[in-house]
Amino acid sequence: MTHFEADIGSLRERLLTMASHATTAVRNAMKALTERDDDMSRQVEQDDNDLDNFEKEIDEVAVLLLLRAPLARDLRLIMVATKISHDLERVGDEATAIARRARELNREPQLKPYIDLPRMAVMVLEMLTTAIEAFVSSDADKARSVIPRDKEVDQLNKQLHRELTSFIAENPANITRCLNLMAISKRLERIGDHAKNIAEEVVYFSEAKDIRHTQKPDDASGAPAAP
Amino acid sequence: MAEILPSRLTVESPPSAGDRESGTTVPLIETEKLSLFYGRAQALKEISLGIRERVVTAFIGPSGCGKSTFLRCFNRMNDLIDNVRVSGHCRIGGEDILGSDVDVIELRKRVGMVFQRSNPFPKSIFENIAYGLRLHGARDRKAMAETVERSLRGAALWDEVKDRLDESALGLSGGQQQRLCIARAIAIRPEILLMDEPASALDPIATMKIEELILDLKKEFTIVIVTHNMQQATRISDYTAFFYLGELIEYDSTHRIFTNPQKKQTEDYVTGRFG
Amino acid sequence: MTRRFAKTRFDATAAIFTGATAASTLLILGILATILLYLFWRGGSQISWQFVTGGTETDMFDPSKAGILPMIIGTAARVLLMTLFVIPIGVTTAVYLTEYARTTAPLTRFIRGAVNNLAGVPSIVFGLFGVGFFISFLGGSIDGLTGTSEPRWGKPALLWASMTLAVMTLPVVIVATEEALKAIAPGLREASLALGATKLETIWKIVVPNALPGILTGAILAISRAAGEVAPILFTGAAYFLKDTPKALNDQFMDLAYHVYVLSTQSPNVDLTRPILFGTVVVLLALTFSLNLVAVLVRAKIRRQMRAAH
């Protein structure tokens, strides 16, 4: 193995570690919500620094690798690595936001049993892990399978919004809690978007095909524009 | 996005022999099952490809892969080597150039060449360019002076040498010498310019000047360049052909060859993982 | 502070080798200087205007009356004529061998072998060859064709002596030219051919002009070798005594080198004529040097033109 290959390998490794940190952050944030655990919430906020540092570090390694003028697969990997790390850093931000909202919710009694939000969390976490697995095995088909699932998450988010809106209409005292829950739902939906972005990057990495913004307009109704 | 990218980035698949029928992109140079033997050793194996007019086409591949030999088929420079045998077809503008009835002098007038090591004649700068003009019948000193100036300007060398045209070309720097060789080649108005690693012996600044020049020259000339420097190929060429062991492995737009080659050998070569 | 890089070693081998090479160079210079000084000491007094411009009308064995102008002219003429023959033939041969002949072909090897053997042939053999081929065969044939009763060409002559010398010095010129042609960067030939020049145009306008310094080196070596040779001209053109300088190519001529031989073997009084002998040698050396000097200067000028101007 050449030194270059070793460095490329270490870039991939860092990215995978970062991904595991990001998914853990989401999981912990949801735990803070469902188990009403404020300590866990603070933990998530603290851990976000690690993700920020990972992003910086990956960019640094990427620049050093780009100095050697890589081509073809290597070039795509480095380009994609910086984008994925950016998405993962944003996932961390979403997790932090969820954790903060959880803390606010924990100050009041639970409005209703949490069923849909954990379901959404499971969905977006699955999307994230599948996208990362697709990256590891450079499996474009697997990555593609993530993309349609983003719509299911969007649907769930919309459904939750309607439900929570009716709660507000019933009793204005629910407003704060409902708004917080809506915000969490929105954050989870954003995590789904990031997972979808990562999946698209993985397709570019393994097939050199840019599939971003290629959905038909009517399909894309619920999907916010990718960054 | 389209307007900020140079047009060459948006060019897609290269012309092939089949394109001739479609009429849209008639290749200027076209080979069909071109094989070349040194004695018994086969140096080129049935190479078929088409090179489009007024674009830069780069030949890459490890040493000894036949890219230079292939380039030298286009102006029959391989004729100079004993025991060389060629089979198949090589057409320029539709006309086969491999036959023994081909006027090689006329061919080389239409297909100029620049070599790896700059090789100016040990004559004055003016005489270096006038040499080719005289070979092809120029006698009028005034017209010749105009052509010399035009060629030197074309090779981005005029401003550096206009006050010392009568000085020896050997007093120029390596990069200037190479640009003089380019000026000498374009002075006789060829259609095609073959370049065999023209910048491999130059420092980065001289290399950059040559590369800028090549991008300017492609407006008027069809350029085929052999290079070992893959970054150079990405910077200047529209199409890239990868050769290995005398075979054409892959031929595609430069963009594709260097971001997403289709053949494993190409991928291994451009990423530096060649066994 | 203690110095870490102070030089302490004395390399005896290097010192001895340097000394030895310097000594052998000095030895050569010493020998040359001794020869030249000795010749000038013995012959310098003989050199006078009368000696170098006078003829042989009076007495060529009398130091006070002898003149050697005819010999000077004879030697200069035969060397220059020889150069005229040997350069074109030698250069053409070398061009054929390097530019046209296939290096591995049997004919090429045979020609190369022949050239090398020619260089090893003793000069007296060239003299005999000159008599047999040039005088008897060529000259005899011309006389036979023109039908003269008296031999006009079938006798020793300036032309035949020069041609004999040319044959003798041919290998020198061929080898020197070949080396010069081989030293030309292949890139220059390619550049010319790629511009659409024919092979002949390339050779004539690029290859040979660039080989000129090397060709002139060949000429210098040929002149140096030929000027002092006596054996090849002994039977082919040099005369013991003539009243006149040569006027035509088929005239015989007096020659400085041959004159030295005459003075040292045929003189009625060797001791008396010794100053003439040494004077003649000095003049012969001066003539050879000046002929060489001309070639060296021409070569230097060409080299300067070929390199960066100013």
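Contact is taken here to mean heavy atoms within 4.5 Å. In this predicted model, two pairs of chains are in contact, and of these it is chains B and C that share the most contacts. Chain A and chain C, by contrast, are joined by no contact, their closest C-alpha atoms lying 32 Å apart.

Within chain B, helix H6 (residues 141–154) packs with helix H8 (residues 174–187) at an angle of about 125°, the two axes being 8 Å apart. H6(B) and H8(B) are therefore classed as oblique to each other, since an angle of this kind falls outside the ranges that count as roughly parallel, roughly antiparallel or roughly perpendicular. The crossing in which H6(B) passes H8(B) is right-handed. On the side of H6(B), the residues that take part are B:Thr147, B:Ser151, B:Leu152 and B:Gly154, and in H8(B) they meet B:Leu180, B:Ala183, B:Ile186 and B:Ala187. By residue class, this contact of H6(B) with H8(B) comprises five nonpolar and three polar residues, with no charged residue taking part.

With respect to the cysteines, the count of disulfides over all chains comes to zero, a pair of sulfur atoms being required to lie within 2.5 Å. B:Cys90 illustrates the point, as the nearest cysteine sulfur, that of B:Cys73, is 6.6 Å away, and B:Cys90 is in no disulfide. B:Cys90 is nevertheless buried, with a relative accessible area of 0%. In chain A, A:Cys178 likewise counts as buried because its relative accessibility is 0%, the cut-off for this class being under 20%.

How values were computed
Residues numbered from 1 in each chain as written. Chains lettered and ligands numbered in written order. Predicted model: local features only at pLDDT ≥ 70, side-chain atom pairs only at ≥ 80, totals over all residues. Heavy atoms only, no water. Axes fitted to C-alpha atoms, helices over the stretch in contact; angles between N-to-C directions. Helix = DSSP H or I, 4+ residues; strand = E, 2+ residues; numbered from the N terminus. Parallel < 35°, antiparallel > 145°, perpendicular 65-115°, else oblique. Left-handed = near helix turned anticlockwise from the far one by under 90°. Nonpolar A, V, L, I, M, F, W, Y, C, P; charged D, E, K, R; others polar. Buried < 20%, exposed > 50% of the residue type's maximum accessible area, 1.4 Å probe, protein only.
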